[in-house]
Amino acid sequence: QYPSLPHEMVDFPGVVIAKAKLLRQAFERFRMKADEAEKEAFQRFCVSKAWLPGFATYVTGDALNGKRYLGEWQRGNDVTRSELSNELDKQVVSFGQYIFFEQWNCLKNYANNKGIYIAGDIPYSVARESYDFWESPELFEVDPITRQMRFEAGAPPDEFAPNGQAWGIP
């Protein structure tokens, strides 16, 4: 049931919509057909990931906040978490993370068994439109009232950029 998308370029919004529909279908099938052990494994995953409730709220928050800039979204103590999005949508997001982690662990184990060791990934920057920035702006050089960045990452002046570079990331 995957839609036909253009081959000459990536239609990112189309891909996001199509995959979101497929993920929701997979979640609905999981809810109807998973046995108790599978449901327990999903619940254990959800409980073990302290970041997951906030992340699911963040991902589903766009529906409540419309097209406002992310920095203007309600967050933290401004509203209760349940007001930001409905519980079913959050469960779908959590299920997507669960499936990703299950698949990632299978891939990592396969690679490790072939003598290939994957150490992980450490991001060198955090996007302003990220869950980390939205959830914990106090960890960044941000005005606590306006949520505007006081400082941003960049590069000093050089022969290619005489004024330096501002990258727009905290």
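Does Arg 128 count as buried or exposed, and at what relative accessibility? In this predicted model, Arg 128 counts as buried, because its relative accessibility is 15% and the limit for a buried residue is under 20%. The residue lies in the loop between α6 and α7, where α7 covers residues 131–135. Its side chain also has a partner: a polar contact joins the side chain of Arg 128 to the side chain of Gln 148, at 3.2 Å.

With one residue placed, the chain as a whole can be described. Its secondary structure comes to 7 helices and 2 strands. Read from the N terminus on, the order of the elements is α-α-α-α-α-α-α-β-β, with the helices ahead of the strands. The chain has 170 residues, and 29% of them count as buried.

Aromatic rings offer a way to follow how the helices meet. The structure holds 17 aromatic pairs. A pair of this kind is described by how far apart the ring centres are and by the angle between the ring planes. Take Phe 27 and Phe 42, whose ring centres are 6.4 Å apart. Their planes stand at 65°, so the pair is edge-to-face, the cut-off for that class being over 60 degrees. Phe 27 belongs to helix α1 and Phe 42 to helix α2, so this pair ties together parts that are 15 residues apart in sequence. Both Phe 27 and Phe 42 are buried.

A further pair is formed by Phe 30 and Phe 95, with 5.0 Å from centre to centre and 40° between the planes, and this pair is tilted. Phe 30 lies in helix α1 and Phe 95 in helix α6, so here the parts tied together are 65 residues apart in sequence. Phe 30 is buried, with a relative accessible area of 14%. Phe 95 is buried as well, with a relative accessible area of 4%.

Distances between C-alpha atoms add to the picture of helix α6. Val 92 has its place in helix α6 and is buried, at a relative accessible area of 7%. From Val 92 to Ala 20 the count along the sequence is 72 residues, while the C-alpha atoms are 9.0 Å apart in space. Gly 96 is also in helix α6 and counts as buried, at 16% relative accessibility. Ala 20 appears again here: Gly 96 and Ala 20 are 76 residues apart in sequence, with 9.3 Å between their C-alpha atoms.

Helix α1 also contains Lys 21. Is Lys 21 buried or exposed? Lys 21 is exposed, because its relative accessible area is 57% and the limit for an exposed residue is over 50%. Between Lys 21 and Tyr 2 there are 9.2 Å from C-alpha to C-alpha, and the two are 19 residues apart in sequence.

Helix α3 gives an example of a side chain that reaches the backbone. Thr 60 is in helix α3 and is buried, with a relative accessible area of 11%. Its side chain reaches the backbone oxygen of Ala 56 at 2.8 Å. A polar atom of the Thr 60 side chain also lies 3.3 Å from the backbone oxygen of Thr 57.

Next comes the space around the helices. How much space lies in the second largest pocket? The volume is about 270 Å³. The lining of this pocket is made up of 16 residues, and those nearest the centre are Cys 46, Glu 87, Lys 90, Gln 91 and Ser 94. Helices α1 (12–33), α2 (36–48), α3 (52–60) and α6 (87–113) are the elements that give two or more residues to the lining. By type, the lining residues divide into 7 nonpolar, 4 polar and 5 charged.

Cys 46, one of the residues nearest the centre of that pocket, leads to a last point about cysteines. Cys 46 is buried, with a relative accessible area of 18%. Cys 106, by contrast, is exposed, with a relative accessible area of 53%. How many disulfides does the structure hold? The number is 0. A disulfide needs a pair of cysteine sulfur atoms within 2.5 Å.

Note on methods. Residues numbered from 1 in each chain as written. Predicted model: local features only at pLDDT ≥ 70, side-chain atom pairs only at ≥ 80, totals over all residues. Heavy atoms only, no water. Buried < 20%, exposed > 50% of the residue type's maximum accessible area, 1.4 Å probe, protein only. 1 Å grid on protein atoms, 1.4 Å probe; cavity = no way out; pocket = protein on both sides within 12 Å on 5 of 7 lines; lining within 4 Å. Points joined across faces, edges and corners; volume = space filled by probe spheres on them. Helix = DSSP H or I, 4+ residues; strand = E, 2+ residues; numbered from the N terminus. Nonpolar A, V, L, I, M, F, W, Y, C, P; charged D, E, K, R; others polar. Polar contact = N/O pair within 3.5 Å; in protein donor to acceptor, adjacent residues only side chain to side chain. Phe/Tyr/Trp six-rings, centres within 6.5 Å; stacked < 30°, edge-to-face > 60°.
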